[in-house]
Amino acid sequence: MADQFENVRELLLVRIGEITLKGLNRGRFVARLISNMKRRINDLGEFSIVQSHSRIWIHALSGNPPMQEVARRLSSVFGIVSISPAIEFESDWGILVRVVEEYAADVLAGAGRRTFKFETKRVDKSFPLSSYEVSSELGAILLEKFPEQLSVLMHEPDLTFHVEIREKTYIYHETIPGHAGLPVGMSGRGMLLLSGGIDSPVAGYMMASRGMILEAIYFHTFPYTSQKALDKVEKLARILSRFAGRIAFHVVDFTDIQLELNDKVPEDMLTIVMRRVMMRVAEKLAIERNAKALITGESLGQVASQTAEALMTTDIVVDLPIFRPLIGMDKNDTVALARKIGTFETSILPYDDCCTVFVSKHPKTHPSLYDAERAEARIDVEAIVEMSCEKISTKLIDLTFEEGD
Ligand code: ATP
Ligand code: MG
């Protein structure tokens, strides 16, 4: 389309969220969002990204980047509500008619019969036709040109052609939904306890959507949990990085510790003690990495280690807040979200995690703090945490993951 007329340019209109943000926060929001957007698309070409009129306008500066692909990538950047691929040209009635005819021909190519309408917004009041006149004239022109394919429908048509007349004129018909939220980086850093399950990747997504930079920690108990289990968790981190940007992925070699716990801790308290150790290790690493919170995929009542009492016994061993965004969520809703963000299929691959291998057969569902402390009296917790922290290897997961990987 852009090649067929002179001075017709493709662009993306990006709508941004959190309109309640005021003052300084709004400035920070936009600056951070634009920098996250750039990072997500800079391998596709050079772009001008400018905020104005409560939107962000993206033009390609050089080359011929695939704007649909640019839009698809940006749709997973938090802070973006929706994106419309659009074209831009001189504000002139004659040009508008010709461009609309071509634009509609492109949209209708290969499609069957469609209902449609025009919606026009005239910001530049010096334009000779009113919004209503532009819509009805253009509607009539298209009906005459495509009588077999088009009919008018004012309420929920298949196609709505949006025309905006400003200093330049814009046409678009598609609105790709984004994931809204706050740009990653607005809310500090969080340390996600990432397992291979369904819940923790969703929890990470939710906190990243509130602007947190994610780091992930995974406790690996090779060979009781396989290399495949580790690969699976890493893949989940990769999928998350599509939304959260770069993620530092930390793997703790937890086998010796796990075996020691198995050996020394009473069976019914094993899960709780293991979780208390994990929290302490995660917190130590979090503080070292300047993270402000721990994040887990726990949901109240889901399993024995997720009763209020059990959660209290893990909360109490750390000072950092533990964010549990799924705490009140129904499992079906979590699964739906996991499907939406693309983690579900990976999460259900059948590789064990340490919580299923080293699980208490008859866990105490309502452990008291006393139970937990008594169980831990048999081990040297400090030494165990220290030793775990020495067995951490870190890898940066970047935005190299794309569909089909
Ligand atoms: P998930 O689906 O996230 O695995 P879950 O419902 O299976 O959660 P648990 O296995 O009890 O619940 O784990 C609760 C939380 O503890 C997880 O959501 C995750 O945040 C953390 N967790 C569990 N196992 C590990 C692990 N091996 N490494 C890191 N974090 C873990
Ligand atoms: Mg699990």
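Visitor: Where is the place of Pro 223?
Guide: Pro 223 is placed in the loop that runs between strand E11 (213–220) and helix H6 (227–244). Helices (H or I, at least four residues) and strands (E, at least two) are DSSP runs numbered from the N terminus. This is a predicted model, in which local features need pLDDT of at least 70 and side-chain atom pairs 80 or more, while totals for chains, interfaces and linings use all residues. Residues are numbered from 1 along each chain as written, chains are lettered from A and ligands numbered from 1 in written order, and side-chain values use heavy atoms, without hydrogens or water.

Visitor: And which kind of peptide bond joins Phe 222 and Pro 223, cis or trans?
Guide: The peptide bond between Phe 222 and Pro 223 is cis, with an omega of about 0°.

Visitor: What about Glu 156, is its phi positive or negative?
Guide: The phi of Glu 156 is positive, at about 50°, although this residue is not a glycine. Glu 156 belongs to the loop between strand E6 (150–152) and strand E7 (159–165).

Visitor: Moving on to ligand 1, how many residues surround it, and which are the closest?
Guide: Ligand 1 is surrounded by 20 residues (each with a heavy atom within 4 Å). The closest are Leu 193, Ser 195, Asp 199, Ser 200 and Gln 302.

Visitor: What lies 2.6 Å from an oxygen atom of ligand 1?
Guide: A backbone N or O atom of Leu 193 is at 2.6 Å from an oxygen atom of ligand 1. For Gln 302, a polar side-chain atom is also 2.6 Å from a ligand oxygen atom. In the case of Arg 275, a side-chain N or O atom is 2.8 Å from an oxygen atom of ligand 1.

Visitor: Which elements give two or more residues to that shell?
Guide: They are helix H5 (199–209), strand E11 (213–220), helix H8 and helix H12 (354–357). Of these, E11 gives the most, with three residues.

Visitor: H5 again, then. At what angle does it pack with H10?
Guide: H5 packs with helix H10 (residues 331–341) at an angle of about 70°, and their axes are 9 Å apart. Axes are lines fitted to C-alpha atoms over the stretch in contact, and angles run from 0 to 180 degrees between N-to-C directions.

Visitor: Which residues meet there?
Guide: From H5 come Asp 199, Pro 201, Val 202, Tyr 205 and Met 206. In H10, Lys 331, Thr 334, Leu 337, Ala 338, Lys 340 and Ile 341 meet them (contact means heavy atoms within 4.5 Å). Asp 199 was also named among the closest residues to ligand 1.

Visitor: How far apart are the axes of H8 and H13?
Guide: The axes of H8 (residues 270–288) and H13 (residues 369–376) are 10 Å apart, and the two helices pack at about 80°. On the H8 side, the contact is made by Ile 272, Val 273, Arg 276 and Arg 280. H13 contributes Leu 369, Ala 372, Glu 373, Ala 375 and Glu 376.

Visitor: One last topic: where is Val 107, and what does it touch?
Guide: Val 107 is in helix H3 (residues 93–108). Leaving aside residues up to four places away in sequence, Val 107 touches Leu 159, Phe 161 and His 173.

Visitor: How far is its C-alpha atom from that of Thr 175?
Guide: The C-alpha atoms of Val 107 and Thr 175 are separated by 14 Å, and the two residues are 68 residues apart along the chain.

Definitions and conventions. A polar contact is a pair of N or O atoms within 3.5 Å; within protein, one must be able to donate a hydrogen and the other to accept it, and residues adjacent in sequence count only if both atoms are side-chain atoms.
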